[in-house]
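Biologist: Could you take me through the aromatic rings in this protein, and then the sheet nearby in your notes? I'm new to this, so please keep it relaxed.

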Amino acid sequence: MEQRRCEPRPARGFLVGCVVAVLLWSVALAQIRYSISEEVNEGTVVGNIAKDLGLEKNALKDRKYRIVSSNVDPLFHVNQNDGILYVSRKIDREEVCTQTSACLINLKTVLENPLEVHYVEVEVLDINDHSPTFPEKDTKLEISESVLPGARFQLSASRDADSGQFSVQQYKLSPNEHFRLEVRDKGEDGKIPILVVQKSLDREATGSYSLLLTAVDGGKPPKSGSMNILVNVLDINDNAPVFSSEVYSVMIDENVPVGTTVIQVNATDLDDGTNGDVVYSFSKSMNKNMLKLFNIDPSTGEISVRNVLDYEEKDRYEIEIEASDKGFAPLRTEKSVIIKIRDINDNAPEIEITSFSSSIPEDSRPGTTVALISVNDLDSGVNGKVICSIAEDVPFALSPSVRDKMYSLVTKSPLDREKQSQYDLTITATDAGKPSLSSEKKIHVVVSDVNDNRPEFSLSPYTFYVSEANEPGTSVFSVKAYDHDENDNARISYHIFRNISNDNKLTSFLNINSENGDILALKSFDFETLKTFRFQVVATDSGTPPLSSNVTVNVFILDQNDNAPVILYPVSSNGSAEGVEEIPRNVNAGHLVTKVRAYDADIGYNGWLLFSLQEVTDHSLFGLDRYTGQIRTLRSFTETDEAEHKLLILVKDNGNVSLSATATVIVKVVEPKEAFAASDVKSAAKEDEGNDVTFYLMITLGSVSVLFLISIIVLIAMQCSKTTDYTSKYLQEPNYDGTLCHSIQYRSGDKRYMLVGPRMSIGSTIAPGSHANTLVLPDRRRASGEVRHCK
């Protein structure tokens with residue numbers, strides 16, 4: 001029965017509710033009971049309610065039979081047509097009745113007109129549709145390896161949603177020699193499984209056990225559920241760390257970077273937790289120097305480089321390390337680690353000069369030892385094999401000695417200090433490593449001088465031009481010699497080679513400064529007496545033994561204007577330059593009155609004479625040729641012209657400072673008959689008065705004529721052999737027949753020289769070496785010296 005409370009509703013609903021409530025109090029009660037298995041299909045017949053209530057089938061429909069239920073999805077329903085109770089959906093007993101042993105579902109049914117309430121009790125019968133289940137699929141137990149056999153550990157019980165015989169009936173444990181299972185029955189709480197240790201545990205042998213606990217119900221066939229049991233054996237510190245290798249040995253390169261891992265040691269402890277945690281350290285007995293070179297990581301056991309390793313210092317290290325656990329009473333194990341250092345090519349060869357001669361004579365023979373060189377390389381093997389070489393192309397070589405890593409620096413070819421006085425040698429030492437390393441050593445070798453070079457004159461031969469009338473005792477020229485040697489071997493002294501031959505008599509008038517080669521003339525030279533000479537100068541060095549050389553010096557005396565012109569004609573009986581000429585009055589213009597002749601001992605410009613009228617009574621009557629000295633009439637004489645005329649003639653040379661002489665010619669104009677008579681008388685007088693003058697004049701003129709002819713022949717020959725016309729440069733008037741002039745050619749050594757007249761300009765020098773009025777002529781015809789004069 002249930003009691004309901006009326007709520008204010010619409011009028012009709014309120015009325016119906018109150019009527020029903022009243023009827024319920026007065027309706028008689030009826031009880032019907034059915035049973036049905038769970039999980040039957042929808043529509044399964046539960047029972048015939050109409051029959052069990054004694055009602056006709058039609059009465060149920062007329063009286064509106066129904067089930068009163070608050071469920072949205074009811075489990076049962078009644079067919080009003082036939083009065084049968086059906087299952088509306090599948091029924092899960094464990095869902096409808098949770099943990100009750102008997103599952104009863106009470107249904108309240110109502111018949112209206114008149115109102116009747118009937119209760120229908122439906123028992124849902126259990127079937128074995130559930131398997132036993134454990135609260136968790138996996139469970140862990142921690143049992144110390146020190147527990148004794150017989151220790152008991154309660155496990156979680158399994159639950160089965162079914163009841164009665166379909167619930168858990170027994171437990172099974174997977175076979176295991178260390179554990180067994182006991183079951184305790186606690187009545188309504190079910191059966192409780194208990195795990196019992198039946199054999200001592202050793203965590204180092206087996207650290208954990210995986211067991212399977214199975215719960216079985218009483219169904220036919222039975223159903224079961226299982227749970228995995230992981231038994232972890234708790235450790236005690238009963239094992240010392242053990243290294244994974246009996247021997248630790250490693251090889252690393254030297255000079256590896258700091259921090260490089262050398263090796264990692266590994267030790268294991270069969271214990272667990274802190275008892276099995278291993279800490280690494282160096283042994284307390286290890287050398288402190290090794291502590292500066294290596295580090296060890298306490299956690300990982302990595303041994304790393306702390307400082308740079310050097311194979312050359314030590315090639316092997318043996319390190320004692322210690323592995324310790326973290327137990328309350330730590331256990332320790334020691335092990336040796338051998339570290340071998342591999343050599344790498346990190347040392348360049350070292351070059352040492354053990355013996356060295358910084359200076360070597362230039363006349364040393366090939367193979368002469370200059371220096372002893374030792375090389376060393378701190379590396380080993382091929383890295384320490386060293387080869388020495390000289391890079392430059394020099395007259396030196398390296399000769400390996402019998403002793404290893406020793407070399408001799410020797411000369412391989414003759415030396416010449418004058419070509420190269422010193423050498424900067426670079427000795428290169430290269431090892432055989434890969435990559436190879438090398439080093440260099442510079443050696444400065446000085447080639448010392450020996451007296452192997454003779455003095456050399458700057459010119460050979462020397463040609464000097466010296467003006468005549470030089471001041472005695474002064475330097476006139478100098479020679480210079482050079483010696484390619486040095487110091488005393490290059491210190492030169494000069495002297496003049498003198499002998500008693502006639503060719504070297506003039507050397508007695510010469511002196512030379514032995515230190516600088518300046519040559520002094522002890523007397524003045526006179527061109528008119530001496531025009532050229534030669535001698536030899538000897539230059540000697542101060543070496544031991546001394547070496548010398550000589551040179552020929554050709555000296556040409558240059559003419560100076562130191563001679564005044566000499567009047568040859570006219571010359572009177574008393575020696576004065578005055579003459580009287582008579583000419584007929586009937587001569588025509590251009591008649592040659594006379595010719596003034598003069599001579600100058602100088603040559604060239606200094607001996608080139610010019611004539612000029614200084615005084616004349618009638619300029620319109622007489623004329624003077626300035627080059628030939630000829631006096632001619634300019635017109636015919638007239639009645640008014642005077643019978644006597646005086647002509648003053650100036651003769652001067654062409655020197656820088658001209659010298660001159662004068663001559664006076666008196667011209668008498670006579671009748672033609674008188675002129676012939678006077679000429680005879682004059683001739684007789686002259687023959688008596690001037691025999692001596694005539695004699696000397698004839699000799700002079702004869703000599704000059706011969707020289708002139710020779711000069712003409714030579715000049716013609718030279719003109720035929722060369723295109724250059726030497727004579728045309730200074731003889732521009734082919735009809736010249738006046739003043740005595742000089743064109744002197746002479747020979748000195750292999751050169752030919754010519755002294756020319758005043759019309760020869762400096763720009764017309766024929767060959768190098770010409771000076772002033774002296775020309776150098778290449779000699780192609782003959783080797784003998786010539787002296788020529790022109791007139």
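Modeller: Here is a walk through the rings, followed by a sheet. Keep in mind that this is a predicted model. Its average pLDDT is 79, and 82% of the residues score at least 70. One weak spot is residues 681–690, where the pLDDT is below 50 and the model has five contacts beyond near neighbours in sequence. Residues 722–744 are also below 50, but that stretch has 75 such contacts.

Now the rings. Searching the whole structure turns up 13 aromatic pairs. Take Phe294 and Tyr317: they meet edge-to-face, with 5.5 Å from centre to centre and 75° between the planes. Phe294 belongs to strand E20 (residues 294–296) and Tyr317 to strand E22 (residues 316–325), so this pair ties together parts that are 23 residues apart in sequence. Both Phe294 and Tyr317 are buried.

Elsewhere, rings gather in a group: Phe457, Tyr462, Phe464, Phe477, Phe525, Phe533 and Phe535 make up one aromatic cluster. Charges can sit over rings too. Lys523 has its charged end over the ring of Phe509, 4.3 Å from the centre, and Lys531 lies over the face of Phe527, 4.6 Å from the ring centre.

On to the sheet. It is open, with four strands in the order E33-E40-E39-E36 and mixed pairing. Strands E33 (462–467) and E36 (492–496) are the edges, each pairing on one side only. On average, neighbouring strands here are turned by 30° against each other, ignoring direction. E36 and strand E39 (residues 532–541) run antiparallel, joined by five bridges. Across that pairing, His495 stands opposite Val538 in E39.

Notes
Residues numbered from 1 in each chain as written. Predicted model: local features only at pLDDT ≥ 70, side-chain atom pairs only at ≥ 80, totals over all residues. Heavy atoms only, no water. pLDDT = per-residue confidence, 0-100. Contact = heavy atoms within 4.5 Å. Pairing = 2+ DSSP bridges. Helix = DSSP H or I, 4+ residues; strand = E, 2+ residues; numbered from the N terminus. Axes fitted to C-alpha atoms, helices over the stretch in contact; angles between N-to-C directions. Phe/Tyr/Trp six-rings, centres within 6.5 Å; stacked < 30°, edge-to-face > 60°. Buried < 20%, exposed > 50% of the residue type's maximum accessible area, 1.4 Å probe, protein only. Lys NZ or Arg CZ within 6 Å of the ring centre and 35° of its normal.
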